[in-house]
Amino acid sequence: MDKTQWLDELAEGLSVYGWMSFDITPWLGTDLLQSLQREIIALDQSDALKIAGIGRGAELVRDRSVRRDKIAWLQGDTPSQAGLFEFLESLRMGLNQRLFLGLKRFEAHYATYHSGDFYRAHVDSFQGRASRIVSLVLYLNDDWQPADGGALQIYSRGDGVEAGSLVLPEAGRVALFMSEEIRHEVLEAHRTRYSLACWFRQDVIPLPISAVI
């Protein structure tokens with residue numbers, strides 16, 4: 001399947017189901033995935049990741065009963081991040097061409113869940129905010145097994161109550177979903193879990209990176 005066909009299938013899946021999951025390795029390449037994995041592991045081991053919160057600006061709350069991951073925002077200033085940003089930009093343009101979403105930019109951060117960490121059920125954007133429109137999560141974990149926990153739980157598109165599919169955080173696996181529509185959660189991890197989250201947005205001017213969650 002060429003990239004045009006892949007983008008066509010992705011756009012159709014987001015339109016019909018509100019989310020999709022697949023192996024992104026053919027489009028990112030093994031070398032780039034391994035480079036991103038090495039980068040987040042190094043950040044984690046050097047304590048460079050910070051405790052994540054909920055909300056933004058003055059409303060930012062760090063509630064460990066809701067989420068326990070640690071994050072580091074990406075600026076695109078390393079070779080691996082630059083390669084990722086090039087792919088994300090092509091994805092932004094491809095989604096705009098097919099779904100007319102008006103996506104103007106994206107933001108991304110690394111996320112680490114240590115054993116016992118989780119993120120309770122939530123949506124990534126509130127209806128009508130015209131900010132985060134499409135969410136993407138890329139996983140960077142080798143040899144992940146169901147017993148390791150940490151799966152992404154996707155809830156039904158309609159009422160957001162019924163639990164649907166589970167996505168294991170295997171290396172190269174990606175999940176994309178509509179930020180305002182798809183309720184989801186990260187189940188408790190039983191080993192260290194590495195991922196990268198990205199949001200495609202309709203607004204133009206980025207908030208200070210420390211104020212965006």
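Q: Why is Ala-121 called partly exposed?
A: In this predicted model, Ala-121 has a relative accessibility of 28%. Buried would need a value under 20% and exposed a value over 50%. The 28% of Ala-121 falls in between, so the residue counts as partly exposed.

Q: Where does Ala-121 lie, and which residues outside its sequence neighbourhood does Ala-121 contact?
A: Ala-121 belongs to strand E5, which covers residues 119–122. With neighbours within four places in sequence set aside, Ala-121 is in contact with Tyr-155, Arg-183, His-184 and Glu-185. Contact here requires heavy atoms within 4.5 Å. As for Leu-152, its C-alpha is 9.9 Å from that of Ala-121, and the two residues are 31 apart in sequence.

Q: What makes E5 and E8 edge strands?
A: The open sheet has 4 strands in the order E5-E10-E7-E8, with antiparallel pairing. E5 and strand E8 (163–167) each pair on one side only, and they are the edge strands. From one strand to the next, the twist averages 15°.

Q: How do you know that E7 and E10 are paired?
A: Pairing requires at least two bridges between the strands. Strand E7 (residues 152–155) and strand E10 (residues 184–186) are joined by 3 bridges, so the requirement is met. The two strands run antiparallel. Within E10, Val-186 stands opposite Leu-152.

Q: What makes the contact between Arg-98 and Asp-8 a salt bridge?
A: The N to O distance between the two side chains is 2.7 Å. The cut-off is 4 Å between a side-chain nitrogen of Lys or Arg and a carboxyl oxygen of Asp or Glu, so the pair qualifies. Arg-98 lies in helix H4 (residues 79–99) and Asp-8 in helix H1 (residues 3–17), so this salt bridge ties together parts that are 90 residues apart in sequence. The whole structure holds 9 salt bridges.

Q: Why do Arg-98 and Asp-8 fall in the class they do for accessibility?
A: Arg-98 has a relative accessible area of 23%, and Asp-8 has a relative accessibility of 40%. The limits are under 20% for buried and over 50% for exposed. Both values lie between these limits, so Arg-98 and Asp-8 are partly exposed.

Q: How do you know that H1 is oblique to H4?
A: The axes of H1 and H4 come within 10 Å and cross at roughly 60°. Roughly parallel would need an angle under 35 degrees, and roughly perpendicular starts at 65. An angle of roughly 60° fits neither class, so H1 is oblique to H4. The crossing is right-handed.

Q: Which residues make the contact between H1 and H4?
A: On the H1 side they are Lys-3, Thr-4, Trp-6, Leu-7, Asp-8, Leu-10, Ala-11, Leu-14 and Ser-15. H4 contributes Phe-87, Ser-90, Leu-91, Gly-94, Leu-95, Arg-98 and Leu-99. The salt-bridge partners Arg-98 and Asp-8 are thus among the contact residues.

Q: What makes Arg-105 and Asp-203 a salt bridge, and which parts of the chain does the pair link?
A: Their closest N and O atoms are 3.3 Å apart, which is within the 4 Å limit. Arg-105 is in strand E4 (residues 105–113), while Asp-203 is in the segment after strand E11 (193–201). The pair links distant parts of the chain, 98 residues apart.

Q: Why are Arg-105 and Asp-203 placed in separate accessibility classes?
A: The limit for buried is under 20%. Arg-105, at 12% relative accessibility, meets that limit and counts as buried. Asp-203, with a relative accessible area of 22%, does not meet the limit and is partly exposed.

Q: How do you know that Glu-107 and Arg-201 form a salt bridge?
A: Their side chains meet at 2.8 Å, N to O, again within 4 Å. Glu-107 lies in strand E4 and Arg-201 in strand E11, so the pair ties together parts that are 94 residues apart in sequence. Glu-107 and Arg-201 are both buried. Salt bridges with shared partners join Arg-105, Glu-107, Arg-132, Arg-201 and Asp-203 into one network.

Q: Why are Asp-47 and Asp-143 called exposed?
A: Exposed means over 50%. Asp-47 has 61% relative accessibility and Asp-143 has a relative accessible area of 66%, so both count as exposed.

Q: What is the phi of Asp-47 and of Asp-143, and where are these residues found?
A: Phi is near 60° for Asp-47 and near 55° for Asp-143. Each is a positive value in a residue other than glycine. Asp-47 is in the loop between helix H3 (30–45) and strand E2 (50–51). Asp-143 is in the loop between strand E6 (132–139) and E7.

Methods:
Residues are numbered from 1 along each chain as its sequence is written. This is a predicted model: local features need pLDDT of at least 70, side-chain atom pairs count only at pLDDT 80 or more; totals for chains, interfaces and linings use all residues. Side-chain values use heavy atoms; hydrogens and water are left out. Buried means under 20% relative accessible area, exposed over 50%, partly exposed in between (1.4 Å probe, protein chains only). Axes are lines fitted to C-alpha atoms, for helices over the stretch in contact, and angles run from 0 to 180 degrees between N-to-C directions. Angles under 35 degrees count as roughly parallel, over 145 as roughly antiparallel, 65 to 115 as roughly perpendicular and the rest as oblique. A crossing is left-handed if the near helix is turned anticlockwise from the far one by less than a right angle, and right-handed if clockwise.
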